[in-house]
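User: I'm new to this one and would like to get my bearings. Can we walk through it together, one question at a time?

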Amino acid sequence: MRVYGTGLLKGLKVTFKHFFDRKLTEQYPEERPKLYPRFRGRLYIEPEKCIVCGICVRTCPNGVLSLEEGRDETAKKKRLLSYEIDHQYCMFCNLCVENCPAQCLHFNHEFEWATFSRDQLKVVYQGPAPVEGKETPAPMESQSQPPKAVTGTGEKEVESPGPDDKREKKKEALKTALAKNPAKVLGRYLENQEEAPILAAFLQNQPQRADKLVELMAEDEDKARKVAEALLKQAKKQGLGETGGESR
C-alpha cells in the first residue's frame with residue numbers, strides 16, 4: 001500500500017533537527033570572525049631585514065613581487081630601495097615566506113581588502129635609508145604590525161591597522177548596529193531573545209551603560225552576556241518587562 005506524504009515527513013525531520021542545533025552563522029560585521037594563527041591575510045615585508053637576494057621574486061609563480069636594489073658604498077653591499085607587492089595576483093601559496101632566508105616576509109590577519117580600484121591593491125615599501133655615521137634604522141616593533149607602505153599611486157602612506165584600531169572599528173560597528181536595530185544586537189547576548197526589547201528600552205535612558213556594554217561586546221563576549229543579563233534583571237525590577245517601555 002502506497003503511503004502519501006512520506007517524503008514531506010522526512011524533509012520536516014531534517015528541518016526540525018537543524019532548527020534546534022547550535023547556530024553557526026556569524027553576524028558579520030557586528031561579530032568578527034575568529035581566525036586561526038596560520039591564517040594568510042595580507043602579505044607584507046620588513047624592509048630592514050631584507051638582504052636583497054631576490055629569491056622571493058624568482059620563487060613567486062604569479063610575478064606578484066618585484067624589487068629595486070642599490071649599492072651601499074659604505075658597507076660595500078646591496079641595499080633595498082623599494083619593494084612592490086601586487087596583491088591582486090597573489091594566490092597565498094606561501095612560497096615566498098618559506099624560501100626567504102632573512103625571514104622578512106609575513107602574512108598578517110587582515111582580510112578586508114575592498115577598494116575602488118585595482119591600483120590600490122598594489123603596495124610599495126620604501127627601503128631603509130643608508131647608514132651615515134652612527135645612525136641606524138629604527139627597529140621594527142613587532143611582526144604583527146607591518147611597516148608603513150605607499151600605495152601604487154605613490155600619493156599617500158597607508159599602515160595596516162593594529163589590534164587597537166580593529167577593536168575601535170568593531171566598537172563603532174556595534175554602536176551603529178545598536179542604534180539601527182538594538183533588539184537584534186542585544187538578542188545575541190541574552191538567553192531569551194524575546195526579552196531584548198526590554199533591555200533596549202532600558203539602555204535608551206542609560207547611555208553610559210550602553211557604551212560600557214558595547215566595549216565588552218568588542219573585547220569579551222562572555223562578560224558582555226553576563227552584564228546584559230544583569231541589566232535585563234534590573235530593567236525588569238523597574239517594571240519595563242510589564243509595560244514594554246519606561247516605568248511610569
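User: To start, how many salt bridges does the count come to?

Analyst: Keep in mind that this is a predicted model. A pair counts when a side-chain nitrogen of Lys or Arg lies within 4 Å of a carboxyl oxygen of Asp or Glu. By this rule the count comes to 7 salt bridges.

User: Which residue forms a salt bridge with Arg32?

Analyst: Arg32 sits in the loop between α1 and β1, and its partner is in the loop between β4 and β5, 80 residues apart, so the pair links distant parts of the chain. Arg32 counts as partly exposed at 27% relative accessibility, and the partner counts as partly exposed too, at 38%. The closest N and O atoms are 3.1 Å apart, and the partner is Glu112.

User: Glu46 forms a salt bridge with Lys49. Is Glu46 buried or exposed?

Analyst: The closest N and O atoms of Glu46 and Lys49 are 3.6 Å apart. Lys49 is partly exposed, with a relative accessible area of 37%. For Glu46 the relative accessibility is 2%, and buried means under 20%, so Glu46 counts as buried.

User: What about Lys78: which residue does it form a salt bridge with?

Analyst: Lys78 is in β3, where it stands opposite Arg71. Its relative accessibility of 36% makes Lys78 partly exposed. The salt-bridge partner is partly exposed as well, with a relative accessible area of 42%. The closest N and O atoms are 4.0 Å apart, and that partner is Glu69.

User: How many bridges join strand β2 to strand β3?

Analyst: β2 covers residues 65-72 and β3 covers residues 77-86, and the two run antiparallel. They form a hairpin with 4 residues between the strands, where Lys76 takes a positive phi near 60°. As for what joins β2 to β3, there are 8 bridges.

User: How many disulfides does a search of the whole structure find?

Analyst: A disulfide is a covalent bond between the sulfur atoms of two cysteines. A search of the whole structure finds 0 disulfides. Cys56 is in none, as the nearest cysteine sulfur, that of Cys53, is 6.1 Å away. The sulfur of Cys104 is 3.5 Å from the closest cysteine sulfur, in Cys100, too far for a bond. So with the cut-off at 2.5 Å, the search ends at 0.

User: Is Cys104 buried or exposed?

Analyst: Buried means under 20% relative accessible area. Cys56 counts as buried at 10%. Cys104 has a relative accessible area of 3%, so Cys104 is buried.

User: Moving on to helices, how many of the 14 residues of α1 are buried?

Analyst: Helix α1 covers residues 6-19. Its end C-alpha atoms are 20 Å apart, which agrees with the 20 Å its 14 residues should span at 1.5 Å a residue. α1 is hardly covered, and the count of buried residues is 0.

User: Which residues form the nonpolar patch on the surface?

Analyst: One member is Phe19, which is found in helix α1. Phe19 is exposed, with a relative accessible area of 54%. Together the patch has about 710 Å² of accessible area, and its residues are Leu8, Leu9, Leu12, Phe16, Phe19 and Phe20.

User: How many of the 9 residues of helix α6 are buried?

Analyst: Helix α6 covers residues 196-204 and is largely enclosed by the rest of the structure. Among its buried residues are Ile198, Leu199 and Phe202. The count of buried residues in α6 is 7 of the 9.

User: Which residues of α7 are buried?

Analyst: Helix α7 covers residues 207-219 and has 13 residues. From its first C-alpha to its last it reaches 19 Å, close to the 18 Å expected. Its buried residues are Ala210, Leu213, Val214, Leu216, Met217 and Ala218.

User: Where is the cis peptide bond that has omega of about 10°?

Analyst: Look in the loop between α1 and β1, which is the place of Pro29. The cis peptide bond joins Tyr28 and Pro29.

User: Last one: Asn94 has a positive phi although it is not a glycine. What is the value?

Analyst: Asn94 is in the loop between β3 and α3 and is buried, with a relative accessible area of 12%. Gln103, in the loop between α3 and β4, also has a positive phi, near 55°, but Gln103 is exposed at 57%. For Asn94, phi is about 75°.

Definitions and conventions:
Residues are numbered from 1 along each chain as its sequence is written. This is a predicted model: local features need pLDDT of at least 70, side-chain atom pairs count only at pLDDT 80 or more; totals for chains, interfaces and linings use all residues. Side-chain values use heavy atoms; hydrogens and water are left out. Patches are made of residues with over 30% relative accessible area and no salt bridge: like charges are joined within 9 Å, nonpolar side chains (Val, Leu, Ile, Met, Phe, Trp, Tyr) within 5 Å. Accessible areas come from the Shrake-Rupley method with a 1.4 Å probe; for residues, only the protein chains shown count as cover. Buried means under 20% relative accessible area, exposed over 50%, partly exposed in between (1.4 Å probe, protein chains only). The expected span of a helix is 1.5 Å times one less than its number of residues. Two strands pair if DSSP finds at least two bridges between them.
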